Amino acid sequence: MTQAQPASAPPRLYSQTDHDDRGNFHYDGDLYRPGEALPALCARIENHLHSLIGDARFTSRGDRYAGGRKVTVELLDSPADLTDESEHRAFTLMVRDQIERFGFNRSNFYQDYQQCAFHSEVQIGKTYWSALAARRGNANKVEPLVSLAAFKRRIKPGDRLQLIAAPDGHRALGTTRSVKAVRSGDLIFEGDVYLDFPRAAGFACDGRLVRFANGNEHEPDRHLLYEWLPAEQ
């Protein structure tokens, strides 16, 4: 009779690892690959998160700097409502634990010493809060008839944008500004006032109204609504 094999123990997680009495912290991720290139590492982490949390969407990027390497993972969308601070912390901790499985860490906080495969950061930014607000029902909804890429091509210096809706207390509400320049990441108004473009998911334009989502954990539906006034031909 064949005996069933015992289930393998779950991997030890970063947040479950303690320092010893001398301040030493040793962690070895079960998914670590020595010498792995940063793009390949980011791709593996992103694929792992998508397979583990199938109803969420993530993006990742890797950076090099004088202190080593850093992997940043951003949550783009999830059905989970993370406005509650405890839920926000728990989700961030869970994702970071999964990221750290791809690395190692040797440190001692008494000696201010650390050696690791990479540093990590989990971000829950404007794209997620915009998606959450959309599920709840946006205020000042705009039909997305013009994509962000098309808007960047069509808006020209000399066009004007009038701010017709904004968070309470916004000093520019009701003002009209002329466009001085259009760049890949932002608009520059006359007077050197900058307006950053959101990700495509946080942008909506119907050809007249333009909505820039910039929500956060306190105000998921925070946004700026402009009326687009093309320059006279």
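**Two cores, an open sheet and a buried serine**

Ser120 is found in strand E6, and this predicted model offers a good view of its surroundings. Ser120 is buried, its relative accessible area being 15%, which is below the 20% cut-off for a buried residue. Two polar contacts involve its side chain: one of 3.2 Å with the side chain of Arg96, and another of 2.7 Å with the side chain of Glu100. Beyond four places in sequence, Ser120 touches Val71, Arg96, Ile99 and Glu100.

Before going further, a word on confidence is welcome. The protein chain averages a pLDDT of 91, and 96% of the residues score at least 70. Residues 1-6 are another matter: pLDDT stays under 50 there, and the model has zero contacts for them beyond four places in sequence. Where pLDDT is low, predicted coordinates should not be read in detail.

The largest nonpolar core has 24 residues, and Ile45, Phe58, Val71, Val73, Leu75, Val95 and Phe118 have the most contacts inside it. Helix H1 (38-52), E3, H2, E6 and H3 are the elements that give two or more residues to this core, with H1 providing the largest share, five residues. For Ile45, the contacts beyond four places in sequence are with Val71, Val73, Ile99, Phe102 and Phe118. Apart from this core lies another, of 20 residues, including Ala172, Leu195, Tyr226 and Trp228. In soluble globular proteins, nonpolar side chains tend to be buried together.

Helix H3 spans residues 126-136, and its buried residues are Thr127, Tyr128, Trp129, Ser130, Ala131, Leu132 and Ala133. These buried residues pack against strand E3 (68-77), helix H2 (85-100), strand E6 (119-124) and strand E12 (209-213). Gly137 follows H3 and has a positive phi, near 110°.

Arg101 has its place in the loop between H2 and strand E4 (104-108). With a relative accessible area of 12%, Arg101 falls under the 20% limit and is therefore buried. Leaving out residues up to four places away in sequence, Arg101 touches Pro11, Leu13, Tyr27, Gly29, Asp30, Leu31, Tyr32 and His48.

Beyond this loop comes a hairpin formed by E4 and E5, with four residues between the two strands. E4 and strand E5 (residues 113-116) pair in the antiparallel sense over four bridges, and Ser107 stands opposite Gln114 in E5. In the turn, Asp112 has a positive phi of about 55°.

Seven strands make up an open sheet with antiparallel pairing, in the order E10-E9-E8-E7-E13-E12-E11. Strand E10 (193-196) and strand E11 (203-205) stand at the edges; each has a single partner strand, so one side of each is left without a neighbour in the sheet. On average, neighbouring strands of this sheet are turned by 35° against each other, direction ignored. Within the sheet, strand E8 (residues 176-182) and strand E9 (residues 186-189) run antiparallel and are joined by three bridges. Val182 has Leu187, in E9, as its bridge partner.

Terms used
Residues numbered from 1 in each chain as written. Predicted model: local features only at pLDDT ≥ 70, side-chain atom pairs only at ≥ 80, totals over all residues. Heavy atoms only, no water. Buried < 20%, exposed > 50% of the residue type's maximum accessible area, 1.4 Å probe, protein only. Contact = heavy atoms within 4.5 Å. Pairing = 2+ DSSP bridges. Axes fitted to C-alpha atoms, helices over the stretch in contact; angles between N-to-C directions. Core = buried A, V, L, I, M, F, W, Y, C linked by side-chain atoms within 4.5 Å. Polar contact = N/O pair within 3.5 Å; in protein donor to acceptor, adjacent residues only side chain to side chain. pLDDT = per-residue confidence, 0-100.
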